[in-house]
Amino acid sequence: MAMESQRSARRTAAKIVVGFIVFVVLFSLIGGQTLNVWLNILEFGELYIKPFYFSLVGGLFLSFIAFFRLDFISRKSLTIWLVRTFLIIFRGGFHPRIMDFNRFRLSLPSFLAWQFTKTLIGVFLFSNALFGMSLLALTNGWDAGLANISRIFSLPFTSFGLDDVSGAAAVVSAAPALILLLPPVLGAIAVRLTLLVGVTNLVKVFAHAVISYYEEGVVTIKTSIIEFLISLALAWTGLTLFFSSYIDYNTKVYIIAAFLASAIFAIYGYIDMRRRPYLRSIYLRVGLLVILALAVASFVTIQNSIADAQKLGWRGPYVRQEIEVNSFLADLKSIVRQPYNFSQVSVTQATVAEVVDRSREILSKIRLWDWEAAFTKLRPEIGLIPYVDFEDSDIIRFNNTLFWSASLKPVLPPTVTAGDRWYNEHLVYTHIPQGFLMLDAHTGEVVDPSKYFKQRRIYYGEGGTRSLFELTWAAIIDGREGLDEIDNARYSGGGGVKIGPPLTWLYDVTFFLSYPDRQVHLLRYRDVHERVALIMPYFTYTINEQIVDMFPVSDGERSYWLLPLIVALPTNNVPWSNGNSFARLTGFAVVDTYDGSIRFILTGDDFFTSLFEKVYSGYVSREVPEWLRPQVRYPAELFQYRVEMFNIYHIQDPAVFIQAREFYEIPSGLEVYYVVTRLPNSSKMEFLGLLSLEVRGARGLNLAGYMVVRNEYPQTGEMIFYRVDPESPTKLLGPSAALQALQRDPDYRTLSTLLASPRVGEIIFYEIDQFPVYFIPVYTAREGEGVVTQLGTIAAIGASFTGQYFVGLGNSAEEAFRAMLLKMAGLQAPPPTLLSREEKIAAVDEMLKELGVSFETPSEINSNLVFKISSFNITSLADLGNIKEALSKALDDWKGLEGGILIRWESGDSLNLGVIYNDRGLVVLRYISIGLG
């Protein structure tokens with residue numbers, strides 16, 4: 001009895017162990033996801049549930065169309081028949097009669113149960129949140145244009161005139177249904193026809209052939225069924241041709257041919273099913289189909305030949321529809337088109353000063369620093385912090401001043417050991433203490449971000465490579481003594497979700513082992529793109545494999561990320577769309593950088609925004625706060641897409657479109673740039689985005705015009721195209737031509753030989769007092785570690801061209817503009833002043849006197865370790881500001897070095913200022929190098 005008791009105890013223990021292992025495995029596979037879903041519901045509430053609800057509604061509707069059989073009399077199921085047949089054969093009970101699919105029939109309860117089961121399974125296969133959202137909005141009064149779908153069927157058979165856009169009007173009126181409702185319905189019907197009709201009947205044919213072979217020794221194939229299936233497939237093809245992405249004069253031929261071929265196969269099927277003695281010859285049947293194919297090919301060939309000779313009469317009307325439809329898809333009708341009236345304004349020596357004086361406001365706002373130059377100045381601001389790295393750069397505006405904002409991300413220091421990784425990832429490196437770095441894009445000065453962003457601790461930010469915002473979650477242990485977070489911080493915001501045991505144990509086993517009785521404040525989805533996409537999966541967060549740019553804004557107290565909500569919907573079933581996306585800016589997501597809370601502000605006026613507003617009426621607002629209005633920026637990604645569409649579809653004349661002689665293109669290497677400037681004939685300074693356009697394929701490097709997008713609300717997204725008259729005797733230089741003019745200028749060629757490693761910056765177009773001008777900053781920096789970029793010179797190039805280039809150089813935008821005007825007046829502008837070696841040394845000495853420090857000049861230097869902190873070049877007195885700022889910071893650090901001696905020495909073309917000191921027996925030298933060449 002004792003032995004039996006021990007065996008029973010062992011069996012019980014084994015069952016417990018096995019049960020525990022099974023529980024752990026199942027929980028790891030299912031429980032973790034279930035817990036995550038529950039936490040998402042706790043944190044985001046209905047906003048998290050809504051997309052699933054829409055997907056469920058859409059998936060259920062589409063699954064019913066695709067899978068639910070309505071033949072309650074025959075009550076067949078291919079799947080169950082296949083499973084049953086396989087099991088019988090597997091058990092060795094095969095008989096030819098079990099293959100007879102015609103005799104197979106389910107009981108009514110089994111049939112209904114299976115229909116509901118596969119329909120529910122199909123919900124996950126056909127889940128479509130946009131479709132479900134659209135269905136629910138239809139019941140709420142949203143107009144999807146369904147009543148206009150019937151008009152689409154007449155389009156292939158309608159003859160349009162060159163000025164007749166009724167076809168495009170029909171497409172536009174039905175666009176919501178064609179984009180959101182029709183494609184998933186067509187897809188579900190196609191699945192139904194393929195599986196429930198096509199495959200099912202092919203199985204019938206196959207089963208009948210097997211039975212006839214076993215019973216009669218002859219393979220009998222019911223060709224009538226196959227012919228009916230081909231007929232159905234051809235009819236379906238003909239139907240879908242009405243909703244192809246392009247319709248022309250040949251489309252009706254293909255549609256008629258598809259339905260004629262369908263009718264022929266249906267007749268063949270009927271004859272074979274009834275065993276009529278007509279058209280029994282295979283040659284007659286194939287011949288009839290060949291004749292149809294040849295007739296179609298001949299008809300299409302003849303039409304194409306005529307169209308080649310009469311392009312405008314044949315293709316022109318359809319091109320007109322294409323232009324109208326695509327103008328709608330990219331909202332090109334809202335773009336204001338204005339002639340750009342410019343010429344070489346005469347200027348004299350007497351009027352130069354007057355023009356410069358009138359232009360001082362805009363000249364002070366010329367954007368002289370590009371991101372590459374700004375980056376070299378901002379990188380030293382991170383210093384030696386190993387847990388912070390740059391992630392992205394953004395151009396932002398405060399008080400009509402542009403700034404480069406460098407967003408940072410927390411990274412795990414490489415020195416963290418594997419044993420300490422969990423603690424550091426989740427409890428220590430939870431945030432970015434200093435938030436953003438900022439640099440004035442006009443002057444190049446590093447700006448204290450706290451002046452604009454009082455809240456600088458970033459717990460929710462941008463993801464990316466190595467970013468802890470994207471890679472992992474953060475946690476704050478309630479009741480834990482001491483401060484784990486970097487910078488001695490303790491999170492006190494309302495972001496994330498609080499959970500206690502046993503949920504903490506299930507979330508991460510370390511909580512069970514180390515903090516079994518503590519509540520934990522979890523911060524999850526800290527990558528803002530991922531966070532917003534989780535609850536709003538309808539929008540586009542990557543365009544051309546690039547993440548949609550978001551940027552920081554502030555209400556004066558709290559800091560936020562402003563993320564554009566761009567919708568880009570496929571249009572494969574929209575006639576004349578050519579597959580171009582329907583793209584709009586629906587609004588913005590305003591995400592708190594500290595607690596991750598999200599507000600949705602709508603600004604769009606299109607059908608999708610109307611749909612979105614209906615189903616999210618309690619979660620969105622049309623009110624843009626006053627503090628946000630001047631900081632709003634139209635997304636560059638959408639601006640560029642619309643400009644690329646405008647480059648083709650700005651042409652309204654089908655003849656010009658067909659001849660393809662006025663298509664535009666964005667100059668190579670040019671991207672959207674944002675500036676503070678004035679629109680032509682306006683006195684107001686505005687925050688604008690610009691793109692220059694050239695004529696596609698033109699050999700000249702002149703502009704066809706330039707596109708402007710306004711940013712400040714309520715004008716956000718308003719686009720204006722300033723078109724240059726191609727017949728104008730005065731041409732508008734493109735950026736490439738402006739660069740060539742600079743490189744050929746003798747003054748610049750002389751100057752560039754004196755600059756250290758010059759680099760040409762962005763070529764930015766401005767209109768200054770009726771003078772179109774390109775401003776090009778030229779940076780100078782020595783190559784190597786610790787290099788800080790400086791402005792070597794600024795070039796102003798006159799963009800109006802009648803055969804002579806006018807290039808002005810200076811140490812400021814005003815000086816360069818004045819030099820350009822003097823050359824236009826026929827005078828020789830004074831060359832840019834370059835300091836001699838002696839003048840540079842004297843300027844440094846004067847700077848040291850202002851700082852109140854003195855340096856020893858050793859005759860010889862010996863040290864064990866040498867560190868060059870940074871290097872500068874002096875090209876003008878303006879460069880001393882950057883050197884003074886860097887030296888002041890260095891002197892603050894050097895003051896704490898015991899026994900440190902400040903030294904100064906010259907080596908080659910450099911003047912060096914440093915400190916030499918003893919560190920644990922080693923002689924260490926740290927210095928700043930100032931180029932004198």
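**Sheets and a surface patch in a predicted model**

Three strands make an open antiparallel sheet, ordered E6-E8-E7. The model is predicted: local features need pLDDT of at least 70, side-chain atom pairs count only at pLDDT 80 or more, and totals for chains, interfaces and linings use all residues. Residues are numbered from 1 along each chain as its sequence is written, and side-chain values use heavy atoms, without hydrogens and water.

Me: Which residue in E8 stands opposite Ala-474?
Reply: Strands (E) are DSSP runs of at least two residues, numbered from the N terminus, and two of them pair if DSSP finds at least two bridges between them. E6 and strand E8 (residues 520-523) are antiparallel over 4 bridges. Opposite Ala-474 in E8 stands Leu-523.

Me: Which strands stand at the edges of the sheet E11-E12-E13-E14-E15?
Reply: This open sheet has 5 strands with mixed pairing. Two of its strands have a single partner strand each, so one side of each lacks a neighbour in the sheet. They are E11 (551-554) and E15 (620-621).

Me: What is the bridge partner of Phe-588 in E14?
Reply: Strand E13 (residues 582-592) and strand E14 (residues 598-602) run antiparallel, joined by 5 bridges. In E14, Phe-588 has as its bridge partner Ile-601.

Me: What is the relative accessible area of Val-286?
Reply: Val-286 lies in helix H11 (residues 282-309). Val-286 is partly exposed, that is, between buried (under 20% relative accessible area) and exposed (over 50%), with a 1.4 Å probe and protein chains only. The relative accessible area of Val-286 is 43%.
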